[in-house]
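Look at the sequence and the model below. The paragraphs after them go from the whole chain to its helices and then to single residues.

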Amino acid sequence: MKSAPIKPKPCPATGCADESWTGPEGLLPATFQWEPPALLPSTRRDDTSLAWILAMDRATCALWSASLSDSSPFPGSLEKHAGAIHQAYQAWQDSQLERNRIAVHCGPGCSSCCNQYPLGIHAFEILALFRWLEPRPDFPSLIAQCRARRDNYQAWTEFVKISYPPPRFDDGDREALAQEHDFDDGQPCPFLDHQGSCGIHQARPLTCRMFLSRSPAAFCTSQLNTAPEADQFTLPPEEAVTLRLWKLDRLMDCWGHDGSLFGSLVALHDHLQRKSP
């Protein structure tokens, strides 16, 4: 049975009350069914999963508050709150997989999906990852590799604009086609180590965390990911959390964040270089 509606509850950090809340007190809005391949089990709202949903929401609001009070692109508590968001999401995801008996084949060295061009990255993740990477001696090389990946994707984007014109193909179709062509090029993520494992696993974005596969790794390649046996899906956070993260993107963006992992890291690097004396 659905809970009775209650008065909209303001975000504790922003005072905003533009989201619809439902009871019991403090419960986030019900999540809509995302487009495939998203998988949102209907049984996700047990006590354990709800605690992690609320923890993710509180960490997002805390980062909003920190960003409002700090004019720097890198709030002093950036890493703390970013880590809390990722930790809460990971715990929520783990609880969903266990509760719904979903077995995934993802693991160290299973990196075929890491040849894709990651989109849907949040601004706080770019800032936190930049700070995490900057002390590394190979940082200039990583930025150069990200730039090459961005340029390759932009070239495919221009190609599909010409080759797949409207009205038969809309912007969403062309973005998917650009991603498909880029994926077919087989370029590994610059952050993979020599064993094919994620070199930024601790700080990897939500987009990377939420992409999962119930089929063996072989079906995650560009050659087989459309085979009938392929069973990949995403497990995105609840809509209310995602909406707040999108608002946080607009607040924190000062460099031209475009939602991509490689392109946005390069844009942030170039922005900071221009600001340096």
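What follows is a walk through this structure, beginning with its overall make-up.

The model is predicted. The protein contains eight helices and two strands. Along the sequence, these elements come in the order α-α-α-α-α-α-β-β-α-α. The protein has 277 residues, of which 47% count as buried. Among contacts with a separation of 6 or more, 74% join residues that are 24 or more positions apart.

Begin with the pair H1 and H2. Helix H1 covers residues 47-68, and helix H2 covers 78-99. The two pack with their axes 8 Å apart, at an angle of about 165°. Because angles over 145 degrees count as roughly antiparallel, H1 is roughly antiparallel to H2. The crossing of H1 past H2 is left-handed. By class, the residues in this contact are 15 nonpolar and six polar, with no charged residues. On the H1 side they include Trp52, Ile53, Met56 and Leu63. On the H2 side they include Leu78, Ile85, Tyr89 and Trp92.

Next comes helix H3, residues 123-133. How many of the 11 residues of H3 are buried? Nine of them are, and H3 is mostly covered. The buried ones are Ala123, Phe124, Glu125, Ile126, Leu127, Ala128, Leu129, Phe130 and Leu133. The cover over these buried residues includes H1, H2, H4, H6, H7 and H8.

One of these neighbours is helix H7, residues 239-252. The axes of H3 and H7 are 7 Å apart, and the helices pack at an angle of about 60°. H3 and H7 are therefore oblique to each other. From H3, the contact uses Ala123, Phe124 and Leu127, and from H7 it uses Leu245, Leu248, Asp249 and Met252. By class, six of these residues are nonpolar, none is polar and one is charged.

Helix H4 has 25 residues, 139-163. How far apart should the ends of H4 be? At 1.5 Å a residue, H4 should span 36 Å, and its end C-alpha atoms are indeed 36 Å apart, so the two values agree. The buried residues of H4 are Phe139, Leu142, Ile143, Cys146, Arg149, Arg150, Tyr153 and Val160. These buried residues pack against H3, H5 and H8.

Helix H5, residues 171-184, is one of those partners. H4 and H5 pack at an angle of about 130°, and their axes are 9 Å apart. That angle makes H4 oblique to H5. H4 passes H5 in a right-handed crossing. The contact residues divide into six nonpolar, four polar and five charged. Those from H4 include Arg149, Tyr153, Trp156 and Lys161. Those from H5 include Arg174, Glu175, Leu177 and Asp182.

Three single residues complete the tour. Leu268 is in helix H8, residues 261-275. Is Leu268 buried or exposed? Leu268 is buried, because its relative accessible area is 0%. Leaving out residues up to four places away in sequence, Leu268 touches Phe74, Ile126, Leu127, Phe130 and Trp255. Of these, Ile126, Leu127 and Phe130 are also among the buried residues of H3. Leu268 and Phe130 are 138 residues apart in sequence, while their C-alpha atoms are 8.3 Å apart in space.

Asn115 lies in the loop between H2 and H3. Its relative accessibility is 17%, so Asn115 counts as buried. The cut-off behind this is that buried means under 20% relative accessible area. Not counting neighbours within four places in sequence, Asn115 is in contact with Arg149, Asp182, Phe183, Gly186, Gln187, Pro188 and Cys189. Two residues in that list, Arg149 and Asp182, also take part in the contact between H4 and H5.

The last residue is Thr207, which is placed in helix H6. Helix H6 covers residues 206-210. Which residues does Thr207 touch, not counting those up to four places away in sequence? They are Leu119, Gly120 and Ile121. Thr207 and His122 are 85 residues apart in sequence and 8.8 Å apart in space, C-alpha to C-alpha.

Terms used:
Residues are numbered from 1 along each chain as its sequence is written. This is a predicted model: local features need pLDDT of at least 70, side-chain atom pairs count only at pLDDT 80 or more; totals for chains, interfaces and linings use all residues. Side-chain values use heavy atoms; hydrogens and water are left out. Helices (H or I, at least four residues) and strands (E, at least two) are DSSP runs, numbered from the N terminus. Buried means under 20% relative accessible area, exposed over 50%, partly exposed in between (1.4 Å probe, protein chains only). Contact means heavy atoms within 4.5 Å. The expected span of a helix is 1.5 Å times one less than its number of residues. Axes are lines fitted to C-alpha atoms, for helices over the stretch in contact, and angles run from 0 to 180 degrees between N-to-C directions. Angles under 35 degrees count as roughly parallel, over 145 as roughly antiparallel, 65 to 115 as roughly perpendicular and the rest as oblique. A crossing is left-handed if the near helix is turned anticlockwise from the far one by less than a right angle, and right-handed if clockwise. Ala, Val, Leu, Ile, Met, Phe, Trp, Tyr, Cys and Pro count as nonpolar, Asp, Glu, Lys and Arg as charged, and the others, Gly among them, as polar.
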